[in-house]
Amino acid sequence: MQNALIFAAAAFFEIAGCFAVWGWWRLDKSALWLIPAAVCLGLFAWLLTLVDVEHAGRAYAIYGGIYIVASLAWLWAVEGTRPDRWDTIGSAICIIGAAVILYGPRQV
C-alpha cells in the first residue's frame with residue numbers, strides 16, 4: 001500500500017511539474033512557473049527513490065503504468081477533457097502490466 005501512495009504522489013508531482021513547463025512554454029505563462037516546475041520535478045524524482053523495489057529500472061517500469069492513469073486523471077480534473085473509451089482501455093492495459101511487473105514472482 002505504501003508503494004501505491006508513493007507512486008501516486010510521484011505521478012502528481014511529475015505531471016504538475018511538466019504542466020508548469022507546458023504552461024510557460026505553450027500557454028504563455030510567466031517564467032516564474034518554472035520555479036514550481038523544478039520543485040515538483042525534484043520531488044517526483046526523490047519519491048521514486050522511496051519505493052520498495054530492488055532495481056530502479058523496475059520501479060520506473062511500474063511507475064509508467066501509474067503515470068499513464070494519473071495523466072488521464074489530470075486530463076479530466078485539470079484540463080476538463082473526459083478520457084474516452086480508448087484512453088480507459090489503454091490505461092487499464094498499462095495498470096495490468098504494471099501489476100504484473102510489481103507482483104510477479106521473482107527468484108531471489
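Leaving aside neighbours within four places in sequence, which residues is serine 91 in contact with? In this predicted model, serine 91 is in contact with Ile68, Val69 and Leu72 once those neighbours are set aside. Serine 91 is found in helix α4, and with a relative accessible area of 12% this serine is buried. One of its partners, Leu72, is listed among the buried residues of α3. The contact of serine 91 with Leu72 offers a convenient way into the fold as a whole.

The protein has 4 helices and 0 strands, and reading along the sequence gives the pattern α-α-α-α. The C-alpha trace spans about 50 × 35 × 20 Å along its principal axes. Of the 108 residues in the protein, 27% are buried. The accessible surface comes to about 7,300 Å², and carbon and sulfur atoms account for 68% of that area. When contacts between residues at least 6 apart in sequence are considered, 64% of them join residues at least 24 apart.

Helix α3 deserves a closer look. This helix covers residues 56–77, 22 residues in total. From its first C-alpha to its last, α3 reaches 30 Å, close to the 32 Å expected at 1.5 Å a residue. Along the way there is a kink of about 25°, centred on glycine 64. The buried residues of α3 are Ala59, Ile62, Tyr63, Gly65, Ile66, Leu72 and Trp74. Tyr63 and Gly65, both in this buried set, stand on either side in sequence of glycine 64, where the kink is centred. As for their surroundings, the buried residues of α3 pack against α1, α2 and α4, the last of these being residues 85–103.

Attention now turns to the loop between α1 and α2. Helix α1 covers residues 2–26 and α2 covers residues 34–48, with lysine 29 lying in the loop between them. Aspartate 28 has its place in this loop too. Is aspartate 28 buried or exposed? At 71% relative accessibility, aspartate 28 counts as exposed. Its backbone also merits a mention: phi of aspartate 28 is near 55°, a positive value in a residue other than glycine. Most residues other than glycine have a negative phi.

Lysine 29 is partly exposed, with a relative accessible area of 37%. Not counting residues up to four places away in sequence, lysine 29 touches Gly23 and Trp24, and both of these residues fall within the 2–26 range of α1. Lysine 29 and methionine 1 are 28 residues apart in sequence, and their C-alpha atoms are 37 Å apart in space.

Finally, the cysteines can be considered. How many disulfides does the structure hold? The structure holds 0 disulfides. The closest cysteine sulfur to that of cysteine 18 belongs to cysteine 40, and because the two sulfur atoms are 9.5 Å from each other, they are too far apart for a bond. A disulfide would call for a pair of cysteine sulfur atoms within 2.5 Å. Cysteine 40 is likewise in no disulfide, its nearest cysteine sulfur being that of cysteine 18. The surroundings of these two residues can be described as well: cysteine 18 is partly exposed, with a relative accessible area of 35%, whereas cysteine 40 is buried, with a relative accessible area of 14%.

Technical notes
Residues numbered from 1 in each chain as written. Predicted model: local features only at pLDDT ≥ 70, side-chain atom pairs only at ≥ 80, totals over all residues. Heavy atoms only, no water. Buried < 20%, exposed > 50% of the residue type's maximum accessible area, 1.4 Å probe, protein only. Helix = DSSP H or I, 4+ residues; strand = E, 2+ residues; numbered from the N terminus. Contact = heavy atoms within 4.5 Å. Expected span 1.5 Å × (residues − 1). Bend = angle between axes of the 7 residues up to and from the residue. Areas by Shrake-Rupley, 256 points an atom, 1.4 Å probe, with all protein chains shown as cover.
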